[in-house]
Amino acid sequence: MQILKNHNLKPYTSFGVDAYAAQFVTVTTLTELKSALALPTPQRLILGGGSNLLFCDDFDGLVIRICLTGITVNESASDVVSLHVSAGENWHEFVQWTLAQGYDGLENLALIPGVVGAAPVQNIGAYGVELGDVCDYVDVLNIETLAVRRYTPEECQFGYRDSIFKRELKDRAVIIAVGIKLAKPWVAKINYGPLASLGADASAVAIFKQVCLTRQQKLPDPNKLGNAGSFFKNPIINKIQFSAIAALHPHMPHYPAGDDIKLAAGWLIDQCELKGYQQGGAQVHTEQALVIVNTGSATATDIIVLAKHIQTTVLARFGVELHHEVRFMGRDGETNLAEVSCG
Ligand code: EPU
């Protein structure tokens with residue numbers, strides 16, 4: 001395990017913005033991970049695929065990049081296939097692999113960037129399926145005690161783009177593996193708009209292809225245009241607030257969210273005519289307003305200034321506050337849009 005000093009993080013994050021870590025290690029085994037956690041440092045950051053992170057500044061600490069790999073399968077039950085997947089496996093390659101083995105059920109979650117270990121943190125979700133729907137357990141290494149503990153899905157407290165790993169277990173635990181359970185017989189989930197046209201007898205592979213096509217049409221490929229997927233969460237508002245906005249905008253997309261209503265942040269931003277709006281090298285994506293892209297030379301400050309502009313504009317027009325879904329890392333640890341300074 002090599003400790004790299006003053007290491008550029010640009011290749012490890014999908015935004016592709018320059019930022020340096022005081023120390024950087026890559027770990028490929030649990031033993032290496034434990035050794036890395038014993039290294040003296042004022043703070044540490046556990047890095048997966050870097051697809052949901054913005055480094056707002058250089059990081060004055062140790063970055064530990066998780067590259068644990070391996071998948072094991074248990075098919076002994078008649079009603080479920082159980083998969084034990086190491087945290088460093090690439091999510092999309094894992095989804096492809098399951099379909100190639102004939103294990104259907106993850107097709108709606110195709111092409112989501114990042115690694116398996118990051119999936120429970122923000123409870124990744126797309127096209128009507130969330131990680132929480134297929135999660136059997138999450139194995140976690142406690143940073144203090146170095147003990148491994150298995151969390152049930154209930155203990156993970158999955159919510160919309162949320163889990164215990166963003167809250168109580170933040171900076172306290174490292175996800176080392178995820179258990180996935182795929183129900184047999186498989187049932188297609190095609191309620192989401194672009195999938196409905198496939199028809200009820202669509203195969204998992206057909207759904208996978210349609211999801212890939214839909215994502216490729218709307219979402220920029222991070223290998224070509226730096227981005228971190230949806231920059232903001234879809235806002236959840238109460239019914240009174242919803243009625244007031246819907247009276248003025250009867251065609252506004254909205255979805256039930258318990259007793260509340262979830263709005264489409266992309267639609268709100270789009271209505272403010274911000275698609276294509278640019279700040280330095282950062283731009284609101286021209287096909288999907290919920291995504292901020294790095295056109296090539298964006299600095300973290302460009303992205304932050306643009307994000308604040310989007311937030312202010314949507315608040316002024318609709319009275320709705322947008323919260324960022326992308327995690328912000330400052331010099332001394334995690335921060336947020338309200339606190340971060342603009343350069
Ligand atoms: N819309 C617009 N203009 C836009 C973008 C969206 O009018 O520029 C409208 C769409 O026409 C649609 C609605 O807003 O009526 C919702 O848009 P879309 O179906 O594209 O989904 P989303 O709510 O913007 C969420 C997830 C995505 C996920 C898709 C599909 C969040 C924050 N984002 O986006 O996840 O792929 O649904 O399920 O929940 C991610 O988290 O990085 C991500 C890409």
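Q: What makes the pair formed by Lys 218 and the ligand a polar contact?
A: A polar contact is a pair of N or O atoms within 3.5 Å (within protein, one must be able to donate a hydrogen and the other to accept it, and residues adjacent in sequence count only if both atoms are side-chain atoms). A polar side-chain atom of Lys 218 lies 3.3 Å from an oxygen atom of the ligand, so the pair qualifies. This is a predicted model, where local features need pLDDT of at least 70 and side-chain atom pairs count only at pLDDT 80 or more, while totals for chains, interfaces and linings use all residues. Residues are numbered from 1 along each chain as its sequence is written, and side-chain values use heavy atoms, leaving out hydrogens and water.

Q: Which polar atoms of Tyr 127 and Gln 288 approach the ligand?
A: Tyr 127 brings a polar backbone atom to 2.7 Å from a ligand oxygen, and Gln 288 brings a polar side-chain atom to 3.1 Å from a ligand oxygen.

Q: How do you know how much of the ligand the protein covers?
A: Accessible areas come from the Shrake-Rupley method with a 1.4 Å probe (for residues, only the protein chains shown count as cover). On its own the ligand has 820 Å² of accessible area, and the protein covers 81% of that.

Q: What makes a residue count as near the ligand?
A: One of its heavy atoms must lie within 4 Å. There are 24 residues around the ligand, and those that come nearest include Tyr 127, Tyr 160 and Asp 270. Helix α8 gives the most to this shell, with 3 residues.

Q: Why are β4 and β21 called edge strands?
A: Strands are DSSP runs of E, at least two residues long, and helices are runs of H or I, at least four, all numbered from the N terminus. Two strands pair if DSSP finds at least two bridges between them. The open sheet here has 3 strands in the order β4-β20-β21, with mixed pairing. Both β4 (53-55) and β21 (333-335) have a single partner strand, so one side of each is left without a neighbour in the sheet.

Q: How do you know that β20 and β21 pair?
A: They share 3 bridges, in the antiparallel sense, so they meet the requirement of at least two. Gly 330 stands opposite Gly 333 of β21.

Q: What makes Asn 6 stand out?
A: Most residues other than glycine have a negative phi. Phi of Asn 6, in strand β1, is positive, near 45 degrees.
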